[in-house]
Amino acid sequence: MNPPVPSIKGGRNIAMKVPPHAWDATVAFYRDVLGLKPITGHAPEIGFEFGANQLWIDRVPALSQSEIWLQVTTDDIDATRARLEAADIVRCDDIEPLGESARSFWILSPASIVHLVSPSEREW
């Protein structure tokens, strides 16, 4: 019997990890220069409406340059986990703790782009 083939699609969230020396200017760029609408109610997190997506600007003290992190969602988190393991995709759960009860997890693409893999129903 073949394992189930999960549906995987791009998620709504994009995280831009920014070093402290560039954070204020980056937030000002999206807010003041581009005029994107801020996402409120998640303080101290800062995000912006980015078309159908949400762009989150995260201050990360240990970085020397910015990184982009993406989200993918799936209708079957267990089948997706198995599919990624079978493809030897690198897990990187230590990169940012999600909490004990989280069903979501972190992976790296072959180009070293961090992806959050989460259930479609957003139970992470």
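**Salt bridges, nonpolar core and strand pairing**

Arginine 31 is partly exposed, with a relative accessible area of 40%. The model that gives this value is a predicted one. The side chain of arginine 31 meets that of aspartate 32 in a salt bridge, with an N to O distance of 2.7 Å. Aspartate 32 is exposed, at a relative accessible area of 51%. The two partners therefore fall into separate classes: exposed requires over 50%, and buried requires under 20%. Aspartate 32 passes the upper cut-off at 51%, whereas arginine 31, at 40%, is partly exposed.

The structure holds seven salt bridges. One of them joins lysine 17 to aspartate 58, with the closest N and O atoms 2.7 Å apart. Lysine 17 belongs to strand 1 and aspartate 58 to strand 4, so this pair ties together parts of the chain that are 41 residues apart in sequence. Both lysine 17 and aspartate 58 are buried. The pair also belongs to a network of salt bridges, in which Lys17, Asp58 and Glu96 are linked.

A further salt bridge is formed by lysine 37 and glutamate 49, whose closest N and O atoms are 3.8 Å apart. This pair also links distant parts of the chain. Lysine 37 sits in the loop between helix 1 and strand 2, glutamate 49 sits in strand 3, and twelve residues separate them. Lysine 37 counts as exposed, with 52% relative accessibility. Glutamate 49 is partly exposed, at a relative accessible area of 39%.

The largest nonpolar core has nine residues. They are Ile14, Met16, Val18, Trp23, Val27, Tyr30, Phe48, Leu55 and Ile57. Strand 1 (8-18), helix 1 (20-33) and strand 4 (53-59) are the elements that give two or more residues to this core. Isoleucine 57 is one of the core residues. Its neighbours within four places in sequence are left aside in the following contact list. Isoleucine 57 then touches Met16, Val18, Trp23, Thr26, Val27, Tyr30, Ile46 and Phe48.

Nonpolar side chains also appear at the surface. Phe29, Val33 and Leu34 make a nonpolar surface patch of about 280 Å². Leucine 34 is placed in the loop between helix 1 and strand 2. This residue is partly exposed, with a relative accessible area of 45%. Membership of such a patch requires over 30% relative accessible area, so leucine 34 meets the accessibility condition at 45%.

Strand pairing was examined next. Strand 2 and strand 3 pair in the antiparallel sense over two bridges. In this pairing, proline 38 stands opposite phenylalanine 48 of strand 3. Phenylalanine 48 is also listed in the largest nonpolar core. The two strands form a hairpin with six residues between them. Glycine 41, in the turn, has a positive phi of about 90°. The loop between strand 2 (38-39) and strand 3 (46-50) also holds proline 44. A cis peptide bond joins alanine 43 to proline 44, with omega about 10°.

Strand 3 continues the pairing on to strand 4. Five bridges join strand 3 to strand 4, and the two run antiparallel. Isoleucine 46 has isoleucine 57 in strand 4 as its bridge partner. Ile46 is also among the contacts of isoleucine 57. Strand 3 and strand 4 form a hairpin with two residues between them. The turn includes glycine 51, which has a positive phi of about 65°.

Backbone geometry was then considered outside these hairpins. Most residues other than glycine have a negative phi, and most peptide bonds are trans. Aspartate 88 has a positive phi, near 55°. This aspartate lies in the loop between helix 2 (77-86) and strand 6 (90-91). Aspartate 88 is exposed, with a relative accessible area of 67%. Serine 112 also has a positive phi, near 65°. Its loop runs between strand 7 (105-108) and strand 8 (114-119). Serine 112 counts as exposed because its relative accessibility is 52%, where the class requires over 50%.

Note on methods
Residues numbered from 1 in each chain as written. Predicted model: local features only at pLDDT ≥ 70, side-chain atom pairs only at ≥ 80, totals over all residues. Heavy atoms only, no water. Core = buried A, V, L, I, M, F, W, Y, C linked by side-chain atoms within 4.5 Å. Buried < 20%, exposed > 50% of the residue type's maximum accessible area, 1.4 Å probe, protein only. Helix = DSSP H or I, 4+ residues; strand = E, 2+ residues; numbered from the N terminus. Contact = heavy atoms within 4.5 Å. Patch = residues over 30% accessible without salt bridge, like charges linked within 9 Å, V, L, I, M, F, W, Y side chains within 5 Å. Areas by Shrake-Rupley, 256 points an atom, 1.4 Å probe, with all protein chains shown as cover. Salt bridge = Lys/Arg side-chain N within 4 Å of Asp/Glu carboxyl O. Pairing = 2+ DSSP bridges.
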